[in-house]
Each structure stands twice: as C-alpha cells, then as structure tokens.
Amino acid sequence: MSIKVKRFRAQPMSRLLGGRGELGSLMRMARLIDLAQAHLRAHLPEELAEHLHVGGFRDGKLTLIADGAAWLTRLRYEQPRLLELLHELPGFEAVQGFTLKVRPVRPPKVPLRQVRHLPTRAADEISSCAADTEDPRLREALERLASHAERKDEP
C-alpha cells in the first residue's frame with residue numbers, strides 16, 4: 001500500500017506562516033503582541049516591567065496582564081503614557097485603551113524529595129544476604145543498597 005502525496009496541496013511552511021490564511025494572521029498577531037510587550041517593558045521601570053505581559057488585542061483594546069494586584073494598580077497609573085508609547089509603533093494606531101487583568105503566575109511545583117535513611121544494622125543484614133547470594137546481579141544490587149547506609153567514620 002502506498003500513500004500518494006497530492007503535490008498541489010503541499011505548501012512550504014514559510015507560505016503557511018506568512019500567508020494570508022488563518023495561520024499567517026495568527027503569526028502576525030503573535031509578532032505584534034511580542035513587539036508591544038518588548039516596547040512597553042523597555043519603557044517601564046525594571047521592577048514593574050518583569051510583571052507585565054501583553055495578552056492580546058480585541059475591540060480596540062490591548063489586554064495587559066500583571067501577576068499581582070499591586071503591579072496592576074501601578075500599570076493603571078501608567079496607562080496614558082503606555083498608550084502614547086504604543087501609538088509610536090506601526091500597527092498600534094488603532095489601540096484605544098487597555099483591558100487590565102490579574103493572572104498570578106504560579107511556579108511549577110517541584111516534587112518533594114523523599115530522603116530515606118538506612119540504619120547501619122539493616123545495611124549489615126543486607127550485606128550478609130549479598131554475601132550468601134549466588135546470583136551476581138542480585139548480589140550487586142544488594143551491595144549497592146547496603147552502600148546507602150549511614151555509616152559513621154570507622155577507625
């Protein structure tokens with residue numbers, strides 16, 4: 001069984017991403033949002049800039065997202081200046097205002113590391129089992145397990 005490729009349907013990726021279709025307009029919007037975010041962050045105080053994210057554009061309003069209510073309040077005071085900064089960029093003349101949202105960014109949870117302690121006495125028992133075992137792979141595994149014991153400096 002063979003799969004025939006219809007050549008008239010196959011298109012280069014550059015045409016799909018840069019063309020007039022839905023994917024092309026989505027890529028253009030993503031580039032504009034990235035440009036707006038970089039431009040606004042460059043003109044904001046450093047401590048505020050890292051908390052600003054541009055979310056999208058709808059109905060003449062650019063969505064600004066902050067990761068906390070305090071940062072959003074500071075952005076509210078900056079709105080007139082931010083609007084002037086955006087109008088400097090080509091493609092943002094149609095922005096009439098902002099929609100401000102708070103969306104806390106939660107860091108990914110790091111799984112808790114379970115530290116288990118192997119008493120010296122248990123390690124000695126495992127070592128003696130390893131010595132009595134004929135299977136070499138099992139013996140090595142038991143010896144590795146016994147090596148994790150909390151051994152105090154022996155003279």
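Trainee: What percentage of the 155 residues of the protein count as buried?

Mentor: Keep in mind that this is a predicted model. Buried here means under 20% relative accessible area. By that cut-off, 27% of the 155 residues count as buried. As for the outside, the protein exposes about 12600 Å², and carbon and sulfur atoms supply 54% of that.

Trainee: How many helices and strands should I look for, and in what order do the elements run?

Mentor: Look for 6 helices and 3 strands. Starting at the N terminus, you'll meet them as α-α-α-β-β-α-β-α-α.

Trainee: Okay, now the inside. Which residues touch the most other members in the largest nonpolar core?

Mentor: The general idea: in soluble globular proteins, nonpolar side chains tend to be buried together. In this model, the largest nonpolar core has 22 residues, and Leu40, Leu62, Leu64, Leu82, Leu86 and Phe98 touch the most other members. At least two core residues come from each of α2 (22-42), α3 (46-49), β1 (52-58), β2 (61-66), α4 (69-88) and β3 (97-102). The top contributor is α4, with 6 residues.

Trainee: Can we zoom in on one residue? What does Leu64 touch, leaving out residues up to four places away in sequence?

Mentor: Leu64 touches Leu40, Leu52, His53, Val54, Leu72, Leu82, Phe98, Thr99, Leu100 and Lys101. Apart from the largest core there lies another one, of 7 residues, including Ala123, Ala130, Ala146 and Ala149.

Trainee: And what share of the contacts between residues at least 6 apart in sequence join residues at least 24 apart?

Mentor: For the protein, that share is 52%.

Terms used
Residues numbered from 1 in each chain as written. Predicted model: local features only at pLDDT ≥ 70, side-chain atom pairs only at ≥ 80, totals over all residues. Heavy atoms only, no water. Helix = DSSP H or I, 4+ residues; strand = E, 2+ residues; numbered from the N terminus. Buried < 20%, exposed > 50% of the residue type's maximum accessible area, 1.4 Å probe, protein only. Contact = heavy atoms within 4.5 Å. Areas by Shrake-Rupley, 256 points an atom, 1.4 Å probe, with all protein chains shown as cover. Core = buried A, V, L, I, M, F, W, Y, C linked by side-chain atoms within 4.5 Å.
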